[in-house]
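Biologist: I would like a close look at one part of this model. Please pick a strand inside the fold, then work outward from it.

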Amino acid sequence: MNVNDTIALMKLIAQDIEANKEYLTQLDTAIGDADHGINLSRGFAAVLKKLDEASFSAPGDVLKATAMTLISTVGGASGPLYGTLFLKMSGELKADEITLPDFCGALEAGIQGVMARGRSAKGEKTMLDVLIPVLDSLKESAQAGLSAKDAFDKAALAAQEGCEYTKTIIATKGRASYLGERSLGHIDPGCMSSCLMIKAAAEFLGGRR
Amino acid sequence: MVSLILISHSPKIVEGIKDMLDEMAKGIPLFVAGGNNAGGLGSDYELIKDAMHKAHSPDGVIILFDLGSSFMTADTVLDEMDDAMKSNFVVSRAPLVEGAIAAAIEISFGANLEDVQATLKEMEMMK
């Protein structure tokens with residue numbers, strides 16, 4: 001993936017967030033404060049504008065601009081969380097071309113940033129329940145020598161499973177934690193938005209979009 | 001004087017607390033950041049960053065917040081500060097309303113950062 005691929009993928013992600021705005025908000029209505037879709041779509045609309053206005057020389061620059069835009073425009077918890085994820089990833093992606101192992105290293109740094117920012121871990125019904133299985137899957141694929149395309153197809157399945165898994169656990173972080181057991185049976189909205197991003201990456205790398 | 005910052009998801013919450021503190025501890029360096037930039041519910045990075053930069057004092061700054069998004073946005077602003085500036089800020093997990101009253105009264109009597117911190121420490125809650 002070069003800088004232009006990164007821009008193209010980020011635009012696809014922005015489209016998918018916009019297209020799923022109602023769905024994400026619906027998930028957040030059940031266990032949060034009904035603003036996840038609205039907040040993220042506002043953030044990614046600003047990202048689209050930024051991508052058209054600025055010029056970028058490396059994939060990391062695109063992620064950094066995305067991060068800073070999300071931090072200043074989202075207006076809810078997902079701003080600092082996705083902002084931190086992309087910002088920490090951007091620091092690891094200085095080269096002109098991203099390879100699968102590079103992406104794994106960057107995602108690992110991003111996840112550590114999210115864990116620190118949210119003081120959270122896996123199994124607390126947060127976006128980490130998608131991001132961590134995705135990272136594990138990508139690392140395994142990289143070790144097995146799979147192509148980025150195949151690796152992301154597998155990772156998209158891991159992301160979907162991560163979303164489904166959050167139905168079976170109680171939220172202990174974020175607004176949903178006030179619901180206790182009543183958060184059972186619902187997909188975490190942050191997991192779903194992360195899942196949409198991974199699926200967009202898989203479709204892009206697979207040449208399907 | 002120690003500065004105090006109140007951050008909430010709701011502009012009305014911090015404005016309401018500010019009204020109370022104006023009666024009890026008038027004149028302390030008090031800064032609030034509530035809601036989004038349109039006056040609705042949310043947490044606005046620029047509003048919070050602005051309050052934190054205005055509140056910056058060599059005597060120290062106490063930050064009180066309500067929800068995770070308020071905390072994480074403030075934490076993001078802190079990450080961007082240099083270490084010297086950052087070290088002046090203390091984020092407290094005391095309840096927003098009660099913590100604000102306790103801290104404001106201490107500050108109005110000239111307490112230093114450590115004293116205010118010690119008072120708030122006893123009030124900390126899970127959040």
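**A strand and its surroundings**

Modeller: Start with one pair of residues: B:I7 stands opposite B:F65 in β3(B). Keep in mind that this is a predicted model. The pair belongs to a longer match, in which strand β1 (residues 3-8) of chain B runs parallel to β3(B) and is joined to it by five bridges. β3(B) also pairs with strand β4 (residues 89-92) of chain B. That pairing is parallel too, over four bridges. There, B:I63 stands opposite B:V91 in β4(B).

How well covered is strand β3 (residues 61-65) of chain B? Five of its five residues are buried. The cover comes on both faces. B:V61, B:I63 and B:F65 are buried on one side. B:I62 and B:L64 are buried on the other.

Now the whole sheet. It is open, has four strands and follows the order β2-β1-β3-β4 in chain B, with parallel pairing. Its edge strands are β2 (30-34) and β4 of chain B, each pairing on one side only. Neighbouring strands are turned against each other by 20° on average, direction ignored. Helix α1 (residues 11-24) of chain B packs on the sheet and touches β1 and β2 of chain B. The direction of α1(B) makes about 160° with that of β2(B). Helix α2 (residues 45-55) of chain B packs on the sheet as well. α2(B) touches β1, β2 and β3 of chain B, and its direction makes about 170° with that of β2(B).

Next, follow α1(B) to a helix partner. α1(B) packs with helix α5 (residues 96-108) of chain B at about 25°, and their axes are 10 Å apart. Angles under 35 degrees count as roughly parallel, so α1(B) and α5(B) are roughly parallel to each other. Their crossing is right-handed. From α1(B), the residues in contact are B:I17, B:M20, B:L21 and B:M24. They meet B:V97, B:A100, B:I101, B:A104 and B:I105 in α5(B). By class, this contact has nine nonpolar residues, no polar and no charged.

Return to α2(B), the helix that touches β3(B). Which of its residues are buried? They are B:Y45, B:L47, B:I48, B:K49, B:A51, B:M52 and B:A55. Their cover includes β1, β2, β3 and α3 of chain B, together with α4 (59-73) and α5 (78-92) of chain A. That brings in the other chain.

Take the contact between the chains next. Chain B puts in 13 residues and chain A 14. On the side of chain B, α2 and α3 (68-80) are the elements that give two or more residues. α3(B) gives the most, with six residues. What classes make up this side? Three of its residues are nonpolar, seven polar and three charged.

Across in chain A, look at α4(A), one of the elements that cover α2(B). Helix α3 (residues 36-53) of chain A packs with α4(A) at an angle of about 140°, their axes 9 Å apart. That angle makes α3(A) oblique to α4(A). α3(A) passes α4(A) in a right-handed crossing. A:R42, A:G43, A:A46, A:V47 and A:K50 in α3(A) meet A:A65, A:T66, A:T69, A:L70 and A:T73 in α4(A). The residues of this contact divide into four nonpolar, four polar and two charged.

One last stop is a loop in chain B. B:A38 lies between β2 and α2 of chain B. Is B:A38 buried or exposed? B:A38 has 10 other C-beta atoms within 10 Å. A residue with 12 or fewer counts as exposed, so B:A38 is exposed. The C-alpha atoms of B:A38 and B:A84 are separated by 33 Å. Along the chain, B:A38 and B:A84 are 46 residues apart.

Back to where we began: β3(B) has five of its five residues buried, with β1(B) and β4(B) as its parallel partners.

Note on methods. Residues are numbered from 1 along each chain as its sequence is written. Chains are lettered from A and ligands numbered from 1 in the order in which they are written. This is a predicted model: local features need pLDDT of at least 70, side-chain atom pairs count only at pLDDT 80 or more; totals for chains, interfaces and linings use all residues. A residue is buried if 20 or more other C-beta atoms lie within 10 Å of its own, exposed if 12 or fewer, and partly exposed in between; C-beta atoms are placed from the backbone. Two strands pair if DSSP finds at least two bridges between them. Axes are lines fitted to C-alpha atoms, for helices over the stretch in contact, and angles run from 0 to 180 degrees between N-to-C directions. Two residues are in contact if their C-beta atoms, placed from the backbone, lie within 7 Å. Angles under 35 degrees count as roughly parallel, over 145 as roughly antiparallel, 65 to 115 as roughly perpendicular and the rest as oblique. A crossing is left-handed if the near helix is turned anticlockwise from the far one by less than a right angle, and right-handed if clockwise. Ala, Val, Leu, Ile, Met, Phe, Trp, Tyr, Cys and Pro count as nonpolar, Asp, Glu, Lys and Arg as charged, and the others, Gly among them, as polar.
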